[in-house]
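Colleague: Could you take me closely through one part of this model, namely the aromatic side chains and the strands that carry them?

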Amino acid sequence: MKKLFALVAALAAAAALAQDPQTDLPRVKLGAGMHQIDAQVAASNDQRMTGLMYRKEMPQQEGMLFVFEYPSQQCFWMKNTLLPLSAAFIADDGTIVNIEDMAPQTLESHCSAKPVRYVLEMNKGWFARKGIKAGAKLTGTPFQR
């Protein structure tokens, strides 16, 4: 019985950890015209899979930059993501290909219009409020090749 209790306790602890948002990723400063973005960088497969899941809030100037090894069509969904988000799908040179608004906790796919290596998630409506549309160019270290 003690072993069963210990197993249940360990599983409960693991489940609780799995629901902690990742907030300790490396950061990069990006520019969108006169606007500055403090973006966490999700570069590994595990980091990208977790993304912004379980976050209850995010400051307006912050976001998450997903970095992939090579350009391909990228599709995102919002499973276990509590915040409504906007995703900018970005070419290697920093040009925004398309922007998709995403509702929280849905499984609907939101995809890039063409192959990209970068996706920047911000609070929903951030790009629209700043007047940033497809064709705009972001600046920062990841886009300097």
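Modeller: This is a predicted model, and I would begin with Phe76, which at 9% relative accessibility counts as buried, because the cut-off for that class is under 20%. Phe68, at 15% relative accessibility, counts as buried as well. The rings of Phe68 and Phe76 have their centres 6.3 Å apart, which falls within the 6.5 Å limit for a pair, and their planes stand at 80°, so the contact is edge-to-face. Phe76 also meets Phe66, which is buried too; here the ring centres are 4.9 Å apart and the planes lie at 85°, so this pair is likewise edge-to-face. Since Phe66 belongs to strand S3 and Phe76 to strand S4 (residues 75-76), the pair ties together parts that are 10 residues apart in sequence. Together with Phe89, the residues Phe66, Phe68 and Phe76 form one aromatic cluster, and the structure holds 5 aromatic pairs.

As for the surroundings of Phe66, strand S3 (residues 62-72) runs parallel to strand S2 (residues 35-42), to which 5 bridges join it, with Asp38 standing opposite Glu62 of S3. Both strands belong to an open sheet of 7 strands with mixed pairing, in the order S6-S5-S8-S3-S2-S1-S9. Strand S6 (96-102) and strand S9 (138-139) stand at its edges with a single partner strand each, so one side of each is left without a neighbour in the sheet. On the far side of S2 from S3 in that order comes S1, whose residues 27-32 pair with S2 in the antiparallel sense over 6 bridges.

Methods
Residues numbered from 1 in each chain as written. Predicted model: local features only at pLDDT ≥ 70, side-chain atom pairs only at ≥ 80, totals over all residues. Heavy atoms only, no water. Pairing = 2+ DSSP bridges. Helix = DSSP H or I, 4+ residues; strand = E, 2+ residues; numbered from the N terminus. Phe/Tyr/Trp six-rings, centres within 6.5 Å; stacked < 30°, edge-to-face > 60°. Buried < 20%, exposed > 50% of the residue type's maximum accessible area, 1.4 Å probe, protein only.
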